[in-house]
Amino acid sequence: MDFEIPGELALFVDGVRQFRERELMPLEPDFLRAGRFTSEQRSTLENRARQQGFWALDVPADHGGQGLGTLGTCLVAEELYKHPAMFEFGGSPEPVLYEGTPEQKERYLYPIIKEEKRCCYAFTEPSGGSDVAAMRTTAVREGDNWVINGTKTFISHAERADFVILFATTDRTLGARGVTCFLVDTGTPGFTLSRPIPTMGDDWEPYELTFDHCVVPDANRLGPTGGGWALANDQLTHGRLKIAAYQLGIAQRCVEIAVDWARNRVTWGRPIASRQAIQWMLADSVTELEAARWLVYHAAWLADEGHPIKTEAFKAKLYATEMAQRVTDRCLQILGGMGYSKELPIQSFYRQVRVWRIGHGTAEIHRWMIARDLLGISARH
Ligand SMILES: Cc1cc2nc3c(=O)[nH]c(=O)nc-3n(C[C@H](O)[C@H](O)[C@H](O)COP(=O)(O)OP(=O)(O)OC[C@H]3O[C@@H](n4cnc5c(N)ncnc54)[C@H](O)[C@@H]3O)c2cc1C
């Protein structure tokens, strides 16, 4: 059976392409010069997107959203990431919030869908992000409350968050099974944004967060005590596939720029496109891009068919992020000095893609998990 994007979905994604070309692309020179959008530019874009119906796309219809599904969500992410600003449509909650009680959904899930609140996701600690069993932030039960102490680091979007989806250990003797998830309002006494962490990515400054005797009611525990790692795992799988889809947009845009450049740049009387050294870089890039696209679309399709995709998401993100690193590097090389200049987006993409081999699990941990699944061995071996 031939694979094709369903017609209605293809039409929708074409609308996203038009939004990108009409609203985002004219701002690209500004973005590249400043390395960020101003808050006015970002909120204008968010408002325009919403006016044009681009909002709560991946939210199921019974929660008031558009129920786009996993393949649709990946196609939209691919399209938007052809612009280096990492702009995304609003009203899209972290998946763990669907696991809340009816009361938690009223206070946290629906306000995110309606864009009345924002949140951040705090897992990583200064002592490490990969080894969940070594988590040091503690939550200790006192009556109807939990008292939280510890430090989280590299937390994206913390400066704009109304609440934190926080993972803390409630029983260190149980390792990953002793981790619990809490929803912590950012105004809670004992919570501070301790410092921003400048990074090599444009417009991306995560924060360190401190919890010092921060008291949270048991009503703010999300899921069962000790059930945090299972929740985080599902969430991370969803995020990994979306990250893999970003790489498709990034690589596609870089290849398009490089092809155009190669056809027009003349050296020794001929366009560089006629040189085999350049042709091979382009041929390798489109081949790897297409391979990554199949991994992403196949995993998305499996998810929409109701199959578990944990390993498929590891494979898609591992391959796509390493593919994007190679493709952005080759395309930058094809453009020579202009590839390195801030007049074109390739240098921004080149820096951006580096983080995706680290965030949401590193490439090394992905390889380990894929091998573990293949060999049928447990985490302790
Ligand atoms: C820009 C940015 C934004 C981020 N946003 C968030 C966020 O919003 N929320 C959040 O919780 N975190 C966030 N992170 C953190 C990110 O998820 C972690 O950096 C990542 O999980 C890796 O953890 P670590 O940096 O502590 O590296 P470590 O876990 O200390 O690993 C260091 C190195 O050792 C390797 N390694 C570790 N264990 C093994 C092993 N068993 N076998 C082989 N190799 C191994 C790793 O692959 C890595 O190369 C962000 C990071 C960045 C850079």
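Modeller: A salt bridge is a side-chain nitrogen of Lys or Arg within 4 Å of a carboxyl oxygen of Asp or Glu. The model here is predicted.

Biologist: What makes the contact of Arg 367 and Glu 322 a salt bridge?

Modeller: Their side chains meet at 2.8 Å, N to O, and the cut-off is 4 Å. The pair therefore counts as a salt bridge. Arg 367 is in helix α11 and Glu 322 in helix α8 (residues 310–334), so parts 45 residues apart in sequence are tied together.

Biologist: Why is Glu 322 called buried, and what is Arg 367 called?

Modeller: Glu 322 has a relative accessible area of 17%. Buried means under 20%, so Glu 322 is buried. Arg 367 has 41% relative accessibility; partly exposed runs between 20% and 50%, so Arg 367 is partly exposed.

Biologist: How do you know that Arg 160 and Glu 46 form a salt bridge?

Modeller: The closest N and O atoms of Arg 160 and Glu 46 are 3.8 Å apart, and the limit is 4 Å, so the pair qualifies. This pair links distant parts of the chain, 114 residues apart: Arg 160 sits in the loop between β3 and β4 (163–169), Glu 46 in helix α3 (residues 39–51).

Biologist: What relative accessibility makes Glu 46 count as buried?

Modeller: Glu 46 has 17%, and buried means under 20%, so the term applies to Glu 46. Arg 160, at 38%, is partly exposed.

Biologist: How many salt bridges does the structure hold?

Modeller: The structure holds 25. One of them joins Arg 20 and Glu 79, with the closest N and O atoms 2.9 Å apart. Arg 20 lies in helix α1 (residues 7–24) and Glu 79 in helix α4 (residues 69–80), so the pair ties together parts 59 residues apart in sequence. Arg 20 is buried at 7% relative accessibility, and Glu 79 is buried at 7%.

Biologist: What makes the approach of Thr 362 to the ligand a polar contact?

Modeller: An oxygen atom of the ligand is 2.5 Å from an N or O atom in the Thr 362 side chain. Polar contacts need N or O atoms within 3.5 Å, so this pair is one. For the side chain of Glu 364 the distance is 2.6 Å, and for a polar backbone atom of Phe 123 it is 2.8 Å.

Biologist: Why is the ligand said to lie between domain 2 and domain 3?

Modeller: Domain 2 (118–222) and domain 3 (230–375) both give residues to the shell around the ligand, so the ligand lies between them. The largest share of the shell, 3 residues, comes from α11.

Technical notes
Residues are numbered from 1 along each chain as its sequence is written. This is a predicted model: local features need pLDDT of at least 70, side-chain atom pairs count only at pLDDT 80 or more; totals for chains, interfaces and linings use all residues. Side-chain values use heavy atoms; hydrogens and water are left out. A polar contact is a pair of N or O atoms within 3.5 Å; within protein, one must be able to donate a hydrogen and the other to accept it, and residues adjacent in sequence count only if both atoms are side-chain atoms. Helices (H or I, at least four residues) and strands (E, at least two) are DSSP runs, numbered from the N terminus. Domain bounds come from an automatic or database domain assignment. Buried means under 20% relative accessible area, exposed over 50%, partly exposed in between (1.4 Å probe, protein chains only).
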